[in-house]
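Here is a friendly walk through one protein model, written for someone who is new to reading structures. Keep the 3D view open and find each residue as it comes up.

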Amino acid sequence: MYNENDRQYLQMMQENINRMASNSANCKTWAVTIAAGLLAIGTGVEKLNGWLLISILPILVFWYLDTFYLHLERGMRNRQKDFINKAKSLYNLSDNSSVQEKQLAESEYKDALYKFAPMPSDKDVSHKGVVSTADRFFSKSTAPFYGMLIAIVIIFLIVLNWSWIVGLFNCKG
């Protein structure tokens, strides 16, 4: 059903989708590595306990990057599905189809064949070509992971400063 151009296009799209998924996984790996390194430094030096909060910054940066790559991956999948649908509609035309239907299907197919940019879905918010990643910021694949990392940093901060926190509440004035 598909010709060689179709296969090559779909292969290139799949390679990009795989690269976006790999970048997303790398964001998680780097976020854990950097947060663990900053926690190790912060717990090793007594006067840096308050500076443990700085480890939240790279977590937030990698959280954003992760959602951005997930957004691009979804857009590439949408583009791939769109191309497959247009190719199917072209190849499934019957001999009874009108010349106009055939020309329209062929025009849409050729147009889709040369588009390679991510395609936002209907529910994406688009403003002048910039699509928001806000809907993915709290997705099932990112929020629990990065939320847990931030919670671990806060728990470390509380544990390391426990005597100071208790001292605040035991102050008799």
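Ala 143 is found in helix α5. In this predicted model, the C-alpha atom of Ala 143 is separated by 8.3 Å from that of Trp 63, although the two residues are 80 residues apart along the chain. Leaving out residues up to four places away in sequence, Ala 143 touches Trp 63, Phe 137, Phe 138 and Met 148.

Now look at the partner, Trp 63, which has its place in helix α2. Is Trp 63 buried or exposed? Its relative accessible area is 7%, so Trp 63 is buried, given that buried means under 20%. Beyond its neighbours within four places in sequence, Trp 63 is in contact with Phe 137, Phe 138, Thr 142, Ala 143, Tyr 146, Gly 147 and Ile 150.

**Two helices side by side**

Let us step back from single residues to the helices that hold them. How do the axes of helix α2 and helix α5 cross? Helix α2 covers residues 56–91 and helix α5 covers residues 143–160; their axes come within 10 Å and cross at roughly 180°. Because of that angle, α2 is roughly antiparallel to α5. On the α2 side, the contact is made by Ile 56, Ile 59, Leu 60, Phe 62, Trp 63 and Asp 66. On the α5 side, the residues are Ala 143, Tyr 146, Gly 147, Leu 149, Ile 150, Val 153 and Ile 154. Sorted by class, this contact has 11 nonpolar, 1 polar and 1 charged residues.

Numbers such as these make sense once you recall the geometry of a helix. An α-helix has 3.6 residues a turn, so residues three or four places apart point the same way.

Helix α5 also meets helix α1. The axes of α1 and α5 come within 11 Å and cross at roughly 5°, and these two helices are therefore roughly parallel to each other. From α1, the residues in the contact are Cys 27, Lys 28, Ala 31, Val 32, Leu 39 and Thr 43. From α5, they are Phe 145, Tyr 146, Leu 149, Ile 152, Val 153, Phe 156 and Leu 160. By class, the contact of α1 with α5 has 11 nonpolar, 1 polar and 1 charged residues.

Here are the two helix pairs in one small table.

| Helix pair | Axes come within | Crossing angle |
|---|---|---|
| α2 and α5 | 10 Å | roughly 180° |
| α1 and α5 | 11 Å | roughly 5° |

**A closer look at α1**

Helix α1 runs over residues 4–44, which is 41 residues. How far does α1 reach from its first C-alpha to its last? The span is 59 Å, close to the 60 Å expected at 1.5 Å a residue. At the N-terminal end of α1, Asn 3 acts as a cap: one of its side-chain oxygens lies 3.0 Å from the backbone nitrogen of Asn 5.

Arg 19 is found in α1 as well. With a relative accessible area of 45%, Arg 19 is partly exposed. Arg 19 and Tyr 69 are 50 residues apart in sequence, while their C-alpha atoms are 9.1 Å apart in space.

Another residue to find is Gln 80, which sits in helix α2. Gln 80 counts as buried because its relative accessibility is 13%. Apart from residues up to four places away in sequence, Gln 80 touches Leu 10, Met 13, Gln 14 and Ile 17.

**The whole protein**

Finally, zoom out. The protein has 6 helices and 2 strands, and from the N terminus on its elements run α-α-α-β-β-α-α-α. Of the 173 residues, 32% are buried. Among contacts between residues at least 6 apart in sequence, 79% join residues at least 24 apart.

Terms used: Residues are numbered from 1 along each chain as its sequence is written. This is a predicted model: local features need pLDDT of at least 70, side-chain atom pairs count only at pLDDT 80 or more; totals for chains, interfaces and linings use all residues. Side-chain values use heavy atoms; hydrogens and water are left out. Axes are lines fitted to C-alpha atoms, for helices over the stretch in contact, and angles run from 0 to 180 degrees between N-to-C directions. Helices (H or I, at least four residues) and strands (E, at least two) are DSSP runs, numbered from the N terminus. Angles under 35 degrees count as roughly parallel, over 145 as roughly antiparallel, 65 to 115 as roughly perpendicular and the rest as oblique. Contact means heavy atoms within 4.5 Å. Ala, Val, Leu, Ile, Met, Phe, Trp, Tyr, Cys and Pro count as nonpolar, Asp, Glu, Lys and Arg as charged, and the others, Gly among them, as polar. The expected span of a helix is 1.5 Å times one less than its number of residues. A polar contact is a pair of N or O atoms within 3.5 Å; within protein, one must be able to donate a hydrogen and the other to accept it, and residues adjacent in sequence count only if both atoms are side-chain atoms. Buried means under 20% relative accessible area, exposed over 50%, partly exposed in between (1.4 Å probe, protein chains only).
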